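Biologist: Could you take me through this one, starting with a loop and then moving on to the ligand? Please keep it plain.

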Amino acid sequence: MSRVAYVNGRYLPLAQASVSILDRAFVFGDGVYEVCLVRGGALIDELRHFARLKTSLAALRIAAPVGEAALKRILREVVARNRVSDGLVYLQISRGAARRDHGFPPPGVAPGLVVTAKSLDPRLGEANAERGVAVITLPDERWAHPHIKSLQLLPNVLAKQAAREAGAFEAWFFDSDGFVTEGSSTNAWIVAADGVLATRQADQSILRGVTRATLIDVAAVEGLRFEERPFTLEEAYAAREAFLSSATTIATPVVAIDGRPIGDGRPGPTTLALRRKFAAVAARS
Ligand code: PDD
């Protein structure tokens, strides 16, 4: 079945879906995006994704191209037209198409909106969860505002590629003090040597992951000891468990960091419990 995209007011076959070469997403990466998990045709944690989208748009002073209710309808329509039962829906908002100039375009230039959806075989995620994945680590050389979900992902792209070339699933960034910030497209977690679950506080240095927030709720429901705090690479190497989280990976065990086995080198019980309980706590729209 051919895929369908929504582009600035129209639903089009993917092959014919295009934006202007003057679109500022193309020229400057001047825009924001969201990726929302779809399970059984329903959007997962949509409210949290919308809340973050609003924050990202406000931070960059980009106007919403359509109202929230209309955007929700478009997301559902794209999911339905692509017959996505399990997969993701992607939405991207740019500052619009205008004559190239670094400063903002004149008032009246409409922001651009693109929405796509694709199916993902949930068995692939389950296989990763059963085996666990490896990560490498790299210095965090991104800009000072990774909390904005902007389209400027070049350091993330290079980090993910470095991970793949090293035979790993993900790259975790560390800051100039040796503390882990997050992954190239995931948040980073450990169950520390003392048994306490930890993930970095959601300040400006990391993306405020929607899955991260829901997993914090799961940890509370489960009565787990939990701390929002930075952890060093050394602490991660010595952790009982490590895992990463995102809309598409949920909670995926990390069994090796920089080639060093974590814990006994197998997926840990806390990670697998959080993953198992995620669906019950996440909001289905
Ligand atoms: N990535 N950190 C970064 C840098 C991310 O890009 C993402 C999401 C996350 C996890 O956020 P969430 O739980 O809301 O998915 C953390 C998406 C999936 C992507 O870029 O494809």
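**A loop residue, the ligand and two domains**

Modeller: Let's start with glutamate 141, which counts as exposed at 64% relative accessibility. Exposed means over 50% relative accessible area, buried under 20%, and partly exposed in between, with a 1.4 Å probe and protein chains only.

Biologist: Before we go on, what should I know about the model and the numbering?

Modeller: The model is predicted, so local features need pLDDT of at least 70 and side-chain atom pairs count only at pLDDT 80 or more, while totals for chains, interfaces and linings use all residues. Residues are numbered from 1 along each chain as its sequence is written, and side-chain values use heavy atoms, leaving out hydrogens and water.

Biologist: Thanks! Where is glutamate 141 found?

Modeller: Glutamate 141 sits in the loop between strand 7 (133–139) and helix 5 (154–165). Helices (H or I, at least four residues) and strands (E, at least two) are DSSP runs, numbered from the N terminus.

Biologist: And how far apart in space are glutamate 141 and phenylalanine 174?

Modeller: Their C-alpha atoms are 9.0 Å apart, with the two positions 33 residues apart in sequence.

Biologist: On to the ligand. How many residues surround it, and which are the closest?

Modeller: There are 18 around the ligand, and the closest are Tyr33, Arg52, Glu182, Val210 and Thr211. A residue is near the ligand if one of its heavy atoms lies within 4 Å of it.

Biologist: What is the mix by class?

Modeller: The shell has five nonpolar, ten polar and three charged residues. Ala, Val, Leu, Ile, Met, Phe, Trp, Tyr, Cys and Pro count as nonpolar, Asp, Glu, Lys and Arg as charged, and the others, Gly among them, as polar.

Biologist: Which polar atoms pair up with the ligand's oxygen and nitrogen atoms?

Modeller: A polar contact here is a pair of N or O atoms within 3.5 Å. A nitrogen atom of the ligand is 3.5 Å from a side-chain N or O atom of lysine 149. A polar side-chain atom of threonine 211 is 2.6 Å from a ligand oxygen atom, and a polar backbone atom of alanine 247 is 2.8 Å from an oxygen atom of the ligand.

Biologist: How much of the ligand's area does the protein bury?

Modeller: The protein buries 89% of the 470 Å² that the ligand exposes when taken alone. Those areas come from the Shrake-Rupley method with a 1.4 Å probe.

Biologist: Which elements give two or more residues to the shell?

Modeller: They are strand 3 (31–39), strand 9 (180–183), helix 6 (210–222) and strand 13 (241–246).

Biologist: And which domains does the shell draw on?

Modeller: At least three residues come from each of domain 1 (4–120) and domain 2 (168–281). Those bounds come from an automatic or database domain assignment.

Biologist: How do the two domains sit relative to each other, in distance and contacts?

Modeller: Their centres, taken over C-alpha atoms, are separated by 28 Å. Ten residues of domain 1 are in contact with eleven residues of domain 2, where contact means heavy atoms within 4.5 Å.

Biologist: New topic: valine 218, buried or exposed?

Modeller: Valine 218 is buried, with a relative accessible area of 0%. This valine lies in helix 6 and touches Leu274, Lys277, Phe278 and Val281, leaving aside residues up to four places away in sequence.

Biologist: Last one, what about the backbone at arginine 83?

Modeller: Arginine 83 has a positive phi, near 50°, in a residue other than glycine. Its place is in the loop between helix 3 (68–81) and strand 5 (87–94), and arginine 83 is exposed at 64% relative accessible area.

Conventions: A polar contact is a pair of N or O atoms within 3.5 Å; within protein, one must be able to donate a hydrogen and the other to accept it, and residues adjacent in sequence count only if both atoms are side-chain atoms.
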